[in-house]
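This report walks through selected local features of a protein structure, from its surface charge to its backbone. Please keep the sequence and the model at hand while reading.

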Amino acid sequence: MKVFSFHGGIHPPENKKQSTRASVRTMPIPKSLVIPTQQHLGLAADPVVSVGDKVLKGQIIAEPVGRISASLHAPTSGTVTAIEAQPVPHASGLTAECIVIESDGLDQWIEHQAIDYKGIERSALVNQIRQMGIAGMGGAGFPTDVKLNLGSDHIVTTLIINAAECEPYITADDMLMREHASEILEGIKIIQHLLEPTHTLIGIEDNKPNAIRALNEALAETDIDVDLVVVPTKYPSGGERQLIQLLTGVEVPSGKIPADIGIVVQNVGTAQALHRAINHGEPLIQRIVTVTGEAVEHPGNFWTLIGTPFSELLSAADLKPGAMHRLVMGGPMMGVAAETDSIPVIKTTNCLIAATDSEMPEAPAAQPCIRCGMCEQACPAQLLPQQLYWFAKGKEFEKAKNHNLFDCIECGACAYVCPSSIPLVQFYRFTKSEIRAEELEQRKADHARERFEARQARLEREAIEKAERRKARAAEAAKAQAERKKQSSSETAQDDTAALKTAAAVARTKLKKAEIALKNAQDKGLDGVETLQATVDKLKQAATEAEQALQNSSTTEAVQSTPTKSEPKEAKPDLKALKQQVSIMRTKLKKAEAAEEKDESEIEALKSRLEEASKAHTDADNALIELAQSAGIDLKQLRIDVAMAKVAITKIERAISKSDDETEQEALKTDLESAKSHFAQLESQLKPYE
Amino acid sequence: MSSVALAILVLAILALIFGVILGFAAVRFKVEGDPIVDQIDALLPQTQCGQCGHPGCRPYAEGIAAGEAINKCPPGGQTTIDQLAELLNVDSIPLDSEHGVEDVRKIAYIREDECIGCTKCIQACPVDAILGAAKQMHTVIVDECTGCDLCVEPCPVDCIDMLPVATTTLNWKWPEPPQTNNLIATDRQPRFEENPS
């Protein structure tokens, strides 16, 4: 196999021998396990257990949320004691949501079984991988099911298994290959089954002869179609894009993923985890972690349950008291310092370095950049680190972005070779996170603008609709009014009485006027008295006719209504009308009396009319009283009773509003209820006689 | 003489032709709206808080396009002012403190036990980020809240708090590496003080 090369790279001291002397040891089960819900790229998993739940080894404790996420499983049997924020392996040193499990020491497995992956649907197999919580174990922790389920728009030609493990100190993959080479090959078979690549390559650095031998032996025993490619040791040949370039000579374009050019890269650890998950039904609950550094007596590799605190690992490797100056998660090039040893191991923790002061001294103070260009020579992504540094320092983020800052893999090769010891990678990380934050802000702002505009549009629409509704209501009301008018006019036409009444009144007025005119004319001895007399006669006749007509119509109405209506009911409108008439007469009389020019005759006439009206009213009233008497009711007494009841109700109501005591109020309320019912009873009795 | 007339004629014809072309282009490629307002609006933070004195970000963008000062946006802060200055090719100026001071990003939280369900905050929210109904508890949709502060004032029971956004592992940012100011050896020396008091 031809091996290509990539630009740049460095050769730092390997420091791998220390941790490969002993075989992989198995960590004892720790008393308490802390499982962060975010161990992978994408969204954090959602806990499905609650505090106090008993869990078995391998039981699902958190489910994936969204497409890019991975599930979590209990690493051992025990009890969930807390779901809370705890320190997690993150560069920030912040806390995040974790599920804490107190182990019961039994290590009791949940029921699990192997799956015949060749016999089931692709989607079912992918779902199974998702359920098993497999995420990339090389470092980034990308959920494996997503990488293995690319869909029809990606045709995979080459599958690359990353066994380079280029970073100094780390030997987890090396030891895994030495001891579980056949399991890795079984895992590769599963990946091949899913992706159907035309050829599969394992890329391994030549500094791992034992692993190469183990893999070759395993390859000889099985019929798998895989090429083992040994590449020269150079950091960072284990970077995804660098390894692709080494093995195929193809460069992944900027901003694209390897799948876009038909290549998928998987880590050896992931392949082994896939084998355990599918062929044994064991979810990803443990991994090999390298514990090394000069501060531990016995560096080595450990099969470690996910969630094991760093402190347990350090004591298993016999940490020298007081010797540890720095604790690094990951390798010396790309790892981050841990602030506390209570941080747990997660799916991507491949190495812990307990370094002494002399091993990893404080970085010397950064000197000014001398533009030597060594960083450019070392950069495996062929960027211009120096230029990016200036942009980062000057906060010219836009320019940094345009110089392909996001193609930087943060390998640290530039900072390693920098003669001025400038922490270049820190500048790039700072710039990247600033740009990401800015982009997020921009997205949020755009989203807010959209929502604001949508709201404005909605308010406008609502206002228009309201105005339209009001208009429609007004139009309807006008229409109804017109209809009513029309109806009422037709009613008067039908109802002769009202029209006749008006006609009679008009005739009367005309007659009066004519009479006055006639009188004046007679008094003054004017001409045309005869004509006036004739007019008056005519009008008199008309008035009499009108009166006659009115009388006739009212009598017929009375005749018509008498047989249908019962007597008291008929009396009711009469009584009211009479009362009204009396009051009208009284007012008229008062007005006439108050007038400056008193017309005695008019007052007299009014007086007589008032008398008539009041007499009619009293008569009607008396008739009612008599009628009531015949039914055995004293109408006068009844009326007084009703008025009294009404007064009683008002009194109680006033008392309720005044009183502050609640019990008193309650009592008063019951009083009020009874008074009201009494009033209602009396009123119903009175009703027919009103 | 005739050559002069010819020249005038030719020029007149040319003027006519170009006039027709320009007239056609003016109609055919007419620019709808004011593109500069859109560009300014894209830079503003869209909190719709009204601290600039306009009823929203777009009216302020229109104001800026009409010549208003670019330093009236506290939520955007100096970053936005710098971006506006670059876009409009004017000098960057510090934020006008009359309109407020730059603050950390905040989000509204309703103390739900105290909410009486008056819907006043819902009406005030410019981005519909508050959920609730009359006489029902209200709550803020955290992802939609722009931290504009407009809901705090109308609340009759003062149950809305503006709390700074907590830093989590998801929104944490790498700190800026310490700047090296010691360009030359003498930089490291203590400053000479003329009148030590």
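In which helix of chain A is the place of R470(A)? R470(A) lies in helix α12 of chain A, which covers residues 424-494; helices here are DSSP runs of H or I with at least four residues, strands are runs of E with at least two, and both are numbered from the N terminus.

## Basis of the model

This is a predicted model, in which local features need pLDDT of at least 70 and side-chain atom pairs count only at pLDDT 80 or more, while totals for chains, interfaces and linings use all residues. Residues are numbered from 1 along each chain as its sequence is written, chains are lettered from A and ligands numbered from 1 in the order in which they are written, and side-chain values use heavy atoms, with hydrogens and water left out.

## Helix α12 and its charged surface

On the surface, K466(A), R469(A), R470(A) and R473(A) gather in a patch of positive charge. Such a patch is made of residues with over 30% relative accessible area and no salt bridge, like charges being joined within 9 Å and nonpolar side chains (Val, Leu, Ile, Met, Phe, Trp, Tyr) within 5 Å. Lys and Arg count as positive and Asp and Glu as negative, with His and the chain ends not counted, and the place of a charge is taken as NZ of Lys, CZ of Arg, CG of Asp or CD of Glu. Accessible areas come from the Shrake-Rupley method with a 1.4 Å probe, and for residues only the protein chains shown count as cover.

R470(A) is exposed, with a relative accessible area of 52%, whereas I435(A), which is also found in helix α12 of chain A, is buried at 4%; buried means under 20%, exposed over 50%, and partly exposed in between. The C-alpha atoms of I435(A) and E462(A), 27 residues apart along the chain, are separated by 40 Å.

## Nonpolar core

The largest nonpolar core, a set of buried Ala, Val, Leu, Ile, Met, Phe, Trp, Tyr and Cys residues joined through side-chain atoms within 4.5 Å, has 48 residues, of which I188(A) and I202(A) touch the most other members. At least two residues of this core come from each of several elements of chain A, including α1 (122-131), β10 (199-205) and α6 (268-279), and α3(A) gives the most, with 12 residues.

## Salt bridges

A salt bridge requires a side-chain nitrogen of Lys or Arg within 4 Å of a carboxyl oxygen of Asp or Glu, and by this rule there are 29 over all chains. E410(A) and K432(A) form one with an N to O distance of 3.0 Å, linking distant parts of the chain, since E410(A) sits in the loop between α10 (397-402) and α11 (413-417) and K432(A) in helix α12, 22 residues apart. E410(A) is buried at 18% relative accessible area, as is K432(A) at 4%.

In chain B, the side chains of E114(B) and R111(B) meet in a salt bridge of 3.1 Å, N to O. Salt bridges that share partners also join D446(A), R449(A), D38(B), D41(B), R58(B) and E62(B) into one network.

## Backbone exceptions

Most residues other than glycine have a negative phi, and most peptide bonds are trans. Q382(A), in the loop between α8 (374-378) and α9 (385-393) of chain A, nevertheless has a positive phi near 55°. The peptide bond from Y235(A) to P236(A) is cis, with omega near 0°, and P236(A) is placed in the loop between β11 (227-231) and α5 (240-248) of chain A.

Conventions. Buried < 20%, exposed > 50% of the residue type's maximum accessible area, 1.4 Å probe, protein only.
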